[in-house]
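Student: Could you take me through one part of this protein closely, the packing of a pair of helices, and then carry on to the cores and the loops? I would like the terms explained as they come up.

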Amino acid sequence: MNRSAKRHSPLQVALLGGAIATTATLSVFGPVWCRSVRAALQDSPKAIIDQVWQLVNREYVDSSFNQQDWIATRQTLLGQEYTNREQAYVAIREALKKLGDPYTRFMDPRQYEALRGQTSGEVTGIGIRMELNEKTQLLTVTEAIENSPALKAGIKAGDQILAIDGKPTKLMKVDDASKLIRGKAGTVLTLRMGRSGQNPIDLKLQRANIEVPAVRYSLKQEGSQRVGYIRLREFSAHSADQMRRAIGDLNTQKADTFVLDLRGNPGGLLQSSIEIAQMWLDHGAIVRTVDRVGGSQESKANHTALTNRPLAVLVDNNSASASEILAGALKDNQRAVVVGDQTFGKALVQSVHELPDGSGVAITIAHYYTPKGTDINHKGVTPDINIKLTEAQERQLASNPNLLATQNDPQYARALSILSSNNFAQPRRNQPSLEPMSVRSTDLKF
């Protein structure tokens with residue numbers, strides 16, 4: 001759940017959000033030992049193994065390493081011979097499995113690049129979302145992203161991608177097509193596009209760096225209520241800025257109430273979730289993290305809320321990590337009514353490091369608790385109003401996304417009824433002016 005630009009120094013990113021900071025790979029052994037061993041391991045697959053081991057040794061949240069002899073693990077790893085990096089990667093993954101933590105994981109360069117792209121909130125390409133149409137078995141555009149080369153070229157949802165640089169896409173997997181479409185900003189590719197009722201055409205598009213929208217919003221007239229509906233897909237590096245713009249625009253449109261939709265949001269950057277919580281909360285705690293030695297750090301609201309209008313938050317079983325931090329903070333502070341299904345239940349924070357060969361490792365470094373001290377790990381946030389969709393309702397909404405946030409969406413409809421109730425509690429403070437929010441930059445490690 002992170003992102004950032006390519007760097008040669010290690011990257012540390014707190015998943016669920018967090019500050020990005022360069023870190024040095026430190027050894028637990030003496031400087032003389034370090035020099036001799038590093039010289040021996042230089043340009044060897046064992047160098048990556050040693051770096052991963054030392055990072056885990058220094059940061060992993062469980063100092064017992066799941067009752068494993070971590071020193072012996074290192075000796076075993078470095079006592080083997082590896083003829084290539086792939087063998088070293090396999091050995092690292094096997095060692096990390098013994099920690100019993102699925103979130104502490106090794107990523108090869110391709111996997112790390114994908115994670116970095118996801119959390120950066122940016123892609124290099126032409127700016128489309130696509131899927132393989134089940135009926136036609138053709139790659140079909142589902143969305144052309146705002147301000148993208150694709151949108152500027154007139155590509156729209158429903159268009160078919162028939163070929164990429166002359167390569168037919170019939171039965172091509174989405175991932176394979178994405179690899180062909182992505183590339184260095186400024187380079188050109190040719191797409192053969194089809195549209196119902198028209199002859200196929202060839203479009204030349206120049207790749208660009210594109211900010212991926214994580215926030216969608218609209219003002220809905222629901223009876224006598226003007227409802228500001230905001231859907232947050234993930235907590236990326238750009239999510240807080242996009243949320244700030246959404247709230248500001250909906251305030252300008254004089255929204256009476258808000259619905260914040262976190263359903264299906266898998267999480268992302270910790271700092272992003274804290275900054276977004278501060279936009280809704282004027283005061284109160286947001287989250288408390290506890291590291292391996294019991295050291296705790298609490299993040300709080302900083303009197304910079306952008307609105308005090310009534311708020312409902314929609315969650316489901318796929319709302320995880322940073323989503324749970326935000327939902328838990330708004331619930332515990334009685335700032336919002338939480339509607340939907342029990343959330344995923346991930347109360348762990350990871351740091352992510354980039355390694356010299358372009359691979360990366362995510363390490364669980366802390367446990368977090370909601371403002372009331374609730375441990376939601378493996379449990380999730382319990383909604384104030386529990387509404388679990390039936391399988392039929394889930395299929396209906398999945399097959400027709402236009403039904404989301406309408407009266408055909410049971411969770412949204414229930415949120416509206418709650419917001420229209422006079423019993424809904426609003427924050428006691430006056431609504432602040434819409435001045436730009438001041439966000440404190442921090443190098444705190446989560």
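Tutor: What follows begins with the helix pair and then turns to the cores and to several loop residues. This is a predicted model, in which local features need pLDDT of at least 70 and side-chain atom pairs count only at pLDDT 80 or more, while totals for chains, interfaces and linings use all residues. Residues are numbered from 1 along each chain as its sequence is written, and side-chain values use heavy atoms, with hydrogens and water left out.

Two packed helices are described by the angle between their axes and the distance between the axes. Here the pair is helix α2 (residues 45–59) and helix α3 (residues 70–78), whose axes come within 10 Å and cross at roughly 175°. Helices (H or I, at least four residues) and strands (E, at least two) are DSSP runs numbered from the N terminus, and the axes are lines fitted to C-alpha atoms, for helices over the stretch in contact, with angles running from 0 to 180 degrees between N-to-C directions. Since angles over 145 degrees count as roughly antiparallel, α2 and α3 are therefore roughly antiparallel to each other. On the α2 side the contact (heavy atoms within 4.5 Å) is made by K46, I49, D50, W53, V56 and N57, and on the α3 side by W70, I71, R74, L77 and L78. These residues divide into seven nonpolar, one polar and three charged, where Ala, Val, Leu, Ile, Met, Phe, Trp, Tyr, Cys and Pro count as nonpolar, Asp, Glu, Lys and Arg as charged, and the others, Gly among them, as polar.

The loop between α2 and α3 holds F65, a residue other than glycine with a positive phi, near 55°. At 7% relative accessibility F65 counts as buried, a word that means under 20% relative accessible area, with exposed over 50% and partly exposed in between (1.4 Å probe, protein chains only). D165, in the loop between β7 (160–164) and β8 (167–168), also has a positive phi, of about 50°, although it is not a glycine; D165 is partly exposed, with a relative accessible area of 47%.

The largest nonpolar core (a set of buried Ala, Val, Leu, Ile, Met, Phe, Trp, Tyr and Cys residues joined through side-chain atoms within 4.5 Å) has 66 residues, and those with the most contacts inside it are I230, M243, L260, W280 and V313. Leaving aside neighbours within four places in sequence, the residues in contact with I230 include V215, Y217, M243, L260 and W280. A second, separate core has 18 residues, among them I126, I128, I155 and M193.

Among the other loop residues, R335 sits between α10 (322–332) and β18 (337–340) and counts as buried at 2% relative accessibility. A polar atom of the R335 side chain lies 3.2 Å from the backbone oxygen of T307, and the C-alpha atoms of R335 and A312 are separated by 8.8 Å although these residues are 23 apart along the chain. P383, in the loop between β20 (360–369) and β21 (385–386), is likewise counted as buried, at 6% relative accessibility. Not counting residues up to four places away in sequence, P383 touches V315, V338, V339, G340, D341 and Q342, and its C-alpha atom is separated by 7.8 Å from that of V337, 46 residues apart along the chain.

Conventions
Parallel < 35°, antiparallel > 145°, perpendicular 65-115°, else oblique. Polar contact = N/O pair within 3.5 Å; in protein donor to acceptor, adjacent residues only side chain to side chain.
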